[in-house]
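Me: I should like to take a close look at one part of this model, beginning with its backbone.

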Amino acid sequence: MVGEGALVEEGKRVNIQWSLKRSNGYTIDSSANNDGVPFIFTVGSEKGQRAVQGLDEGIREMRVGGIRRIVIPPSLAFVEGLEDDKPGPIPVGFGPKQRIRRVMDNLVDVPDESFILDVKVTRVQ
């Protein structure tokens, strides 16, 4: 579903609700697990609050209200790390971060190992 509100494009500040899973369907974390706090980032930004490359590319051309499942290979995911100042959405807590590290430590894109990010655009500025 693309949505009917404002368009997501480069330079726009976007709020999303999200759910991050491994390719086997195992849930890593979500905004719902974090009191519904959205992930907010600027599309195409190289500074400040940024998204992992796979999300940044996959969310473009959506609109507010839109829902999309984005499959992200490790090479477009958390390549810069999992610290708070890195591109996200970064899960909260040791357990979720460890699940991501297990995938990222392999640094290999294999057909059965990717991240699935379900997103809903809630605001575009």
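Me: Is D35 buried or exposed? Please describe its setting and then the other notable backbone sites.

Reply: This is a predicted model, in which local features need pLDDT of at least 70, side-chain atom pairs count only at pLDDT 80 or more, and totals for chains, interfaces and linings use all residues. Residues are numbered from 1 along each chain as its sequence is written, and side-chain values use heavy atoms, with hydrogens and water left out.

D35 is exposed, with a relative accessible area of 78%; buried means under 20% relative accessible area, exposed over 50%, and partly exposed in between, with a 1.4 Å probe and protein chains only. D35 lies in the loop between β2 (27-30) and β3 (39-42). Here helices (H or I, at least four residues) and strands (E, at least two) are DSSP runs, numbered from the N terminus. Although D35 is not a glycine, its phi is positive, at about 60°.

E61 is not a glycine either, and has a positive phi of about 75°. The loop between α1 (53-58) and β4 holds E61, which counts as exposed at 51% relative accessibility.

The peptide bond from G88 to P89 is cis, with omega near 15°. P89 is placed in the loop between β4 (67-72) and α2 (94-104).

As background, most residues other than glycine have a negative phi, and most peptide bonds are trans.
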